[in-house]
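The walk below goes from single residues to the whole chain and back, and it is best followed with the coordinates open alongside the text.

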Amino acid sequence: MDDLTNNKKYINWPTLTLMAFCTVIGLDDIMYNFQNQGMPVVTSWIIMCIFYVIPYSLMVGQLGSVFSKGGGGLSSWVRGTDGEFLGYFTAWTYWAASIPYAVDSANEIIVDIGWALTGSEKFQHQISNSTFAILTFTMFIIFIFVEHYFSRSMEVLSTIGGGLMLFMTLMFVFLAFLGLAKSGGHMATQPFTWHTLIPKFDMHYWTTVAMLIYALNGCELVAPYVTQMKKPQYDFPKAMISLAIMTIFLTVFGSFALGIYFNAYHIPNDLKMNGAYYVFDMVGHQYGLGKGLLFLWAWTSVFYNAALLAVLLDAMTRMLISDTGDKYMPKFLRKKDKNGLPINGYILTVSLSAFIMLLGIFLPDMNDIFNWLLNLNAIVSPGVTCWIFYSFMRIRKNSAKFPSKYVFIKNDKLAYLAGLFLLVVTAVATVLGIAPQDIKTYSGYWWYELIINIIAVVVLIGLGTILPGIRRREEEYGIAFSKPQWIIMFCLIIGSVIVDVYLGGTKMANIHISQLALPLNILLIVIEAVTAILICWLVGRRKPIASEN
């Protein structure tokens, strides 16, 4: 046994640091927040990395150590502290948060391919919103096909895309500062003083904090590896502090580098969608490479987002179906085909993704759809992160019941308060993040985005509360619903969507409430949707007729 222990392969802390780094930050994350805050985002990154990333990462380390036998996943942590139902609901919310992320990744693939083939953003003006939605939906079908016939596609895409993304991001920072030195310190952001880096802590600022959290979360993915370290109590903190230092370096210097090429006082409205291409085009021409770096980035982004979409479609769906068992998940969703693929789970994933795409189809153009999806991700992703801090508070409240090889803050009361602080910060940022970004405040489209933000969250999270009820009906009656019930509810949902599409595309007068102007069609959509949901509930609550099984 001693020989076996001595021969065990351990993960060293530098390796774990790099693994965590790839899950936390990328150039796109820096670009998104630069458009939200400008150069003051440099200060925001420093504050967030010190007071959020470091404690967050170390809390994840203790959770991973406590629940190492449960696979170290987020749902296993909550299940270990609060039982099966909350464990199921955590798994559901974690999966639901991946739906907007999957749609966003599919959208980015369309944008990436357009740039890779044309070398310009002009193709975006030739694609209507409906065409953009159809192409995005096509990406889902293609990747389900790829996952079905090529079992190692995720590994191949992740290796290529992840490696290239890290290389391109670090290369950009290096070339930007080298170019700054060669140009004698010339920057596009002028005037540049220390005041340029100081945030204005107004309401707009606080509504953008959720996007910072969205960019920085994800280190819980390496939690299962805590127990595979030789001295986790010493090595894991080293890895997480190193992660924070690397994140500070990349976010601070990456944001500063963007200020070299973009005037932070006049940021392009499409920076989130096209900014990376603009900057690699400028860097390429600066070093006499023409559009070479632009095309290299385009194909890097294609592989990177393809890997993300493959993981989100397959791994997340499998995790949801397998991790929740048969107690809360309906039988029809756990059905697998002859190859072991959860086919109805795929259908649910694609259906909800199509629903998300449909919500954004009435926005003015591709850029608005792209920005809205990012905003939606910045709502649901930080919201799910709250489970981490909740679980940490639970294990520190009863530390004797949850022993760990690695402990973050030995004093239980201080550790509990640290978890509570991050929970409150994340929850408040999530709520404030519901406010639409990149659009004129209180305009018609601002109200539309606010409403579809709320609808998307309610549908994605609310469905998770309905499924256990459907499972109980299966256990009680043998079937959840009779065929007439399924047909009526299906027709109601499809009919509701068609009516909403019609109303959303119809121009109507505004209703003035106090000093606010709310478009009439948005109000009608809300009334129609609530009515359809109520009728579905009335139909679905009836006992299915056994003879119709």
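A residue is called buried here when its relative accessible area is under 20%, exposed when that area is over 50%, and partly exposed in between. The model to which this is applied is a predicted one. Gln37, which lies in helix H3 (residues 27–37), has a relative accessibility of 13% and therefore counts as buried, since that value is under 20%. The side chain of Gln37 is joined to that of Thr208 by a polar contact of 3.0 Å. When neighbours within four places in sequence are left aside, the residues in contact with Gln37 are Ser44, Tyr205, Thr208 and Leu212, so that Thr208 appears both in this list and as the polar partner of Gln37.

With that residue as a starting point, the view can be widened to the protein as a whole. The protein has 20 helices and 2 strands, and of its 549 residues 53% are buried. Among contacts with a separation of 6 or more, 81% are made by residues 24 or more positions apart.

In soluble globular proteins, nonpolar side chains tend to be buried together. In this model the largest nonpolar core has 158 residues, and the members that touch the most others are Phe140, Phe172, Phe280, Leu309 and Ile356. Helix H16 (residues 366–397) gives this core its largest share, 18 residues. Leu309 can serve as an example of such a member: apart from its neighbours within four places in sequence, Leu309 is in contact with Ala102, Ser105, Ala106, Ile109, Met139, Phe140 and Phe143. Phe140, one of these contacts of Leu309, is itself among the core members that touch the most others.

A polar residue can be followed in the same manner. Ser301 is found in helix H13 (residues 292–323), and its relative accessibility of 1% is under 20%, which is why Ser301 counts as buried. Not counting residues up to four places away in sequence, Ser301 touches Glu108, Asp112 and Tyr277.

The aromatic rings offer another route through the model, which holds 28 aromatic pairs. One of them is formed by Phe85 and Tyr88, whose rings are tilted, with 6.0 Å from centre to centre and 45° between the planes. Both residues lie in helix H6 (residues 84–118), 3 residues apart, which is about one turn of the helix. An α-helix has 3.6 residues a turn, so residues three or four places apart point the same way. The two partners nevertheless fall into separate accessibility classes, since Phe85, at 38% relative accessibility, counts as partly exposed, whereas Tyr88, with a relative accessible area of 1%, is buried. Phe85 also pairs with Tyr328, this time edge-to-face, at 5.5 Å from centre to centre and with 70° between the planes. Because Phe85 belongs to helix H6 and Tyr328 to helix H14 (residues 325–328), this pair ties together parts that are 243 residues apart in sequence. Tyr328 is buried, with a relative accessible area of 12%. Phe85, Tyr88 and Tyr328 are members of one aromatic cluster, which also includes Phe89, Trp387 and Tyr390.

How far apart are the end C-alpha atoms of helix H20 (residues 520–540), and does that distance agree or disagree with the expected span? At 1.5 Å a residue, the 21 residues of H20 should span 30 Å, and the end C-alpha atoms are 30 Å apart, so the two values agree. The buried residues of H20 are Asn521, Ile522, Ile525, Glu528, Ala529, Ala532, Cys536, Val539 and Gly540. These residues cover an arc of only 125° around the axis, and therefore they lie on the same side of H20.

Some backbone details in the loops remain. A cis peptide bond, with omega about 0°, joins Gln190 and Pro191, and Pro191 lies in the loop between helix H8 (153–182) and helix H9 (203–207). In the loop between helix H17 (412–432) and helix H18 (444–477) sits Asp438, a residue other than glycine whose phi is nevertheless positive, near 60°. Tyr442 lies in the loop between H17 and H18 as well, and its phi is also positive, about 65°, although Tyr442 is not a glycine. Asp438 counts as partly exposed at 23% relative accessibility, and Tyr442 counts as partly exposed at 48%.

Methods:
Residues numbered from 1 in each chain as written. Predicted model: local features only at pLDDT ≥ 70, side-chain atom pairs only at ≥ 80, totals over all residues. Heavy atoms only, no water. Phe/Tyr/Trp six-rings, centres within 6.5 Å; stacked < 30°, edge-to-face > 60°. Helix = DSSP H or I, 4+ residues; strand = E, 2+ residues; numbered from the N terminus. Buried < 20%, exposed > 50% of the residue type's maximum accessible area, 1.4 Å probe, protein only. Polar contact = N/O pair within 3.5 Å; in protein donor to acceptor, adjacent residues only side chain to side chain. Contact = heavy atoms within 4.5 Å. Expected span 1.5 Å × (residues − 1). Arc of directions from axis to C-beta. Core = buried A, V, L, I, M, F, W, Y, C linked by side-chain atoms within 4.5 Å.
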